[in-house]
Amino acid sequence: MGTERLFGFLKPRIEMDSWDGEVKTLPPPDRVKLPLACVGQMPFVPEVQVGAQVRSGQILAATPSRTAVHATLTGEVTSIGPLYTPDGREIQGIELLAADKEVWVTASPTEDLRQADADELIDGLVDLGFNSPWKPEDLRGHIQGDELLPVTSVAIVAIDREPGIAVQRRILTDFRSDFVESVAAVKIMADDAKVVVVVPQRFRGELSSELPNVELMGVSDDYIDNDWRLILARIAGVGNLTVRAAREAGLVLLTAEDVAAAGLCLKKGLPRTDKLVTVSGKGLAQPVTVSTRLGTPIGYILEQLGLEVGDGDRVLLGGLLRGHPQFDLQAPITRETDAVTVLGAPEVYHPVEEPCINCGRCGQICPVDIQVGLAARYAEFGLVEEAYDAGAHACIECGLCGFVCPAHRPLLQYMRSAISARADAEASAAESEAEVAQGAASEE
Amino acid sequence: MKRPPLLSVAMAPHAHVGSTVAEIYGHQALALLPAAIGGVVLWGLAGLRVILLTVGCVLVFEWLGTRLMKREGSVLDGSALLQGLMLGLLLHAGTPWWLVVVAALVMVVLGRCFFGGLGGYALNPVFLTYAILLVSWPARLNAAAHLTNRVLSFPAVEPLVAWRTVGNGAVESFPLGSLLLGQQIGGVGSSMVLLLLLGGLYLVLRGFIAWRVPLAFLVGMFLTALVLNLSDPANYAPPLFHLFSGAAMFTAFFVLTDFTTGPVNPWAQVVYGVGCGLLAVIIRTFGVFPDGTIFAVLLMNLAHPLIDKIHSPLIAVEVPTR
Ligand code: SF4
Ligand code: SF4
């Protein structure tokens with residue numbers, strides 16, 4: 001990972017890596033766990049009961065608006081109960097135990113993606129359970145009140161969020177023709193909106209002939225150039241933006257993997273069941289990118305790759321800079337998981353609650369120029385508003401501040417805590433406002 | 001069945017560039033070594049005695065203090081070592097042993113622990129201590145009075161004191177070259193101008209201190225002195241005399257650059273440095289204490305949170321237009 005350059009006179013710089021290797025397809029696991037909720041969306045209501053026998057691709061749970069969770073295995077529903085999201089929130093999940101033989105639901109393939117019209121493609125994707133992290137309906141526009149605001153730009157990111165992950169960029173090397181075809185389909189679905197495909201600079205030249213109708217954006221291998229949120233901001237012509245503002249401005253972000261999978265699923269007429277995940281760390285000479293079923297427990301993947309995990313090791317969903325540590329190897333791979341990183345006990349890094357010496361290195365490296373040291377001190381002592389005003393609201397959660405802090409303070413965590421405390425406060429304020437309004441209405 | 005492994009969890013990031021607080025303070029202390037050696041060469045065993053006694057006492061008191069405050073680690077973080085060394089270099093070679101002990105105690109208790117230790121103090125502990133001693137035992141701190149029994153190749157009076165009492169006529173008896181080499185009465189090592197400059201440059205090049213602060217301070221001092229000197233060359237000392245006498249260089253590279261008591265934003269650092277240089281010359285020229293640098297620093301320390309409000313704007317979160 002990055003080092004301090006020129007005797008520490010210049011800022012440390014973290015580079016994205018570009019290793020390659022084959023994508024390894026793992027045999028289906030003997031059990032999967034599928035979350036019944038995704039961020040910012042209605043939870044799914046189970047349509048099967050414990051004990052039911054299901055086929056691969058069958059609908060397990062759905063929302064009133066037809067988005068669904070599909071079985072990624074053939075087998076029996078063994079439980080419906082609590083499950084943890086990668087960042088530790090409790091949601092409902094459904095567990096399947098594999099049967100001996102895999103049976104798929106009947107497929108309804110789309111003959112030629114390029115001949116279909118937008119509604120056909122979007123409806124097709126909804127039926128195939130595309131629901132997270134984006135909804136195909138997003139491509140129709142953003143609903144605000146009674147209005148449908150049209151989409152202005154669609155960004156397709158074929159770059160990974162962190163060094164050490166090779167998922168999105170592998171789509172360009174290993175699934176190039178599927179990707180190109182799918183981008184054409186996205187272009188149809190997005191109608192008049194501008195479609196921007198974001199790729200590592202080195203791919204830009206060779207792709208320009210294959211993707212003639214879209215805008216190609218090449219990014220350097222500097223870690224911070226690869227931040228998805230800042231890329232959206234760049235496309236929108238602003239410095240930085242929130243996810244909500246992006247949505248309201250009609251921006252949609254799709255990952256290259258989601259796009260490629262969407263095209264493939266439409267062609268095959270089967271729901272999505274697979275996910276690419278880069279596994280790296282202890283015991284592996286080189287990181288490996290594997291293709292596995294959604295819902296596969298981390299432990300199964302590690303076992304397949306011959307990785308032993310022992311006491312005191314750390315297992316992350318995600319990479320070194322942003323990843324979420326897991327306490328349970330049964331935690332499943334979800335659509336948002338791009339990497340599993342294993343750190344052996346001797347290499348785990350422990351931030352400490354030591355005081356800030358005010359050296360200023362965190363603020364110097366922050367890509368959005370937050371006064372991190374100050375904001376973090378506010379957050380540390382529960383002064384959420386002050387932390388927010390000092391810049392916490394602009395944090396893109398890149399982790400660089402914590403990476404350089406000589407006092408080893410958990411800076412990213414302080415920023416995250418301020419952000420979530422503020423979100424909670426806003427939510428409860430909105431709630432009590434609604435209550436007051438309701439009270440006033442009933443009094444009248 | 002084997003029980004599942006007990007995994008370690010902690011918050012992201014899970015990698016670190018490798019810098020530590022001890023590394024930073026350790027290098028700052030290291031950069032003071034040339035000046036300390038120069039001081040020992042000039043003042044002999046008496047100088048060594050003061051340095052070792054101060055550092056030793058500070059470390060012991062700091063250890064006790066952190067024990068009492070139930071804090072971990074801070075003796076090993078190097079900041080006590082650095083500040084002990086700084087205090088030792090600031091005291092003159094004839095300082096009685098009991099005063100050294102008192103100074104160490106004042107610095108650890110009042111300067112550091114009282115404000116909550118490292119990262120908490122609002123005033124530079126070294127200069128705060130020196131200021132307290134200066135007000136409490138002015139005669140004891142008078143280096144010239146306590147170093148009389150020596151044969152010296154240079155005038156046995158502090159340059160700034162000579163200038164304040166005799167006026168600009170005194171300046172000629174202190175050639176810049178010998179000031180630069182530390183040939184002046186003062187602290188054991190705080191007047192080793194050239195050696196301090198070398199140490200400071202090392203720190204700047206390695207990125208252990210912010211380069212803007214010392215540069216701004218020296219520029220501020222130079223310009224203020226220059227303006228005064230040009231307005232009345234007979235009464236006001238020339239700029240380089242200010243830069244090379246007393247604890248100016250020591251302040252520029254080792255005191256003002258203390259992170260906790262200074263600003264972090266680039267322009268704030270410039271304002272802080274220039275402001276301090278200006279104040280230092282003014283206090284030296286018109287104040288009661290000849291080396292006003294100490295009080296200038298303490299005043300700027302107090303103002304630093306305010307000054308640090310000068311910062312480049314955040315790359316703001318905006319709502320794009322459709
Ligand atoms: S994680 Fe730290 S460095 Fe990155 S944007 Fe947030 S505050 Fe700035
Ligand atoms: S890098 Fe760490 S010690 Fe330095 S100012 Fe930031 S929080 Fe404080």
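Two rings of Phe, Tyr or Trp count as a pair if their centres lie within 6.5 Å, and planes over 60 degrees apart make such a pair edge-to-face. By this rule, there are 9 aromatic pairs over all chains. The model in which they occur is a predicted one.

One of these pairs joins B:Phe114 and B:Phe115. Their ring centres are 5.6 Å apart and the planes meet at 85°, an edge-to-face arrangement. B:Phe114 has a relative accessibility of 62%, so this residue counts as exposed. B:Phe115 has 31% and therefore counts as partly exposed.

Another pair is made by B:Trp163 and B:Phe241. Here the centres lie 6.3 Å apart and the angle between the planes is 65°, so this pair too is edge-to-face. B:Trp163 belongs to helix α8, which covers residues 159-166 of chain B, while B:Phe241 belongs to helix α12, residues 239-244 of chain B. Because the two residues sit in these two helices, their pair ties together parts that are 78 residues apart in sequence.

Are B:Trp163 and B:Phe241 buried or exposed? The cut-off for a buried residue is a relative accessible area under 20%. B:Trp163 has a relative accessibility of 4%, so this residue is buried. B:Phe241, with a relative accessible area of 1%, is buried as well. Ring pairs also bring in B:Phe174, which forms a cluster with B:Trp163 and B:Phe241.

From these rings the view can widen to the whole chain. Chain B contains 15 helices and 0 strands. Of its 322 residues, 54% are buried. Contacts between residues at least 6 apart in sequence give a further description of the fold: in chain B, 77% of them join residues at least 24 apart.

What is the radius of gyration of chain B? The value is 22 Å, and a compact globule of 322 residues would have one near 20 Å, so the two agree. Taken along the principal axes, the C-alpha atoms fill a box of roughly 90 × 60 × 30 Å.

The surface and the charges complete the description. Chain B has an accessible surface of about 13400 Å², and carbon and sulfur atoms account for 73% of this area. The side chains of chain B include 15 positive and 11 negative ones. The centre of the positive set and the centre of the negative set are 11 Å apart.

Key. Residues are numbered from 1 along each chain as its sequence is written. Chains are lettered from A and ligands numbered from 1 in the order in which they are written. This is a predicted model: local features need pLDDT of at least 70, side-chain atom pairs count only at pLDDT 80 or more; totals for chains, interfaces and linings use all residues. Side-chain values use heavy atoms; hydrogens and water are left out. Helices (H or I, at least four residues) and strands (E, at least two) are DSSP runs, numbered from the N terminus. The radius of gyration is taken over C-alpha atoms; the globule rule is 2.2 Å times the number of residues to the power 0.38. Buried means under 20% relative accessible area, exposed over 50%, partly exposed in between (1.4 Å probe, protein chains only). Contact means heavy atoms within 4.5 Å. Accessible areas come from the Shrake-Rupley method with a 1.4 Å probe; for residues, only the protein chains shown count as cover. Lys and Arg count as positive and Asp and Glu as negative; His and the chain ends are not counted. The place of a charge is taken as NZ of Lys, CZ of Arg, CG of Asp or CD of Glu. Rings of Phe, Tyr and Trp (its six-membered ring) pair if their centres lie within 6.5 Å; planes under 30 degrees apart count as stacked, over 60 as edge-to-face and the rest as tilted.
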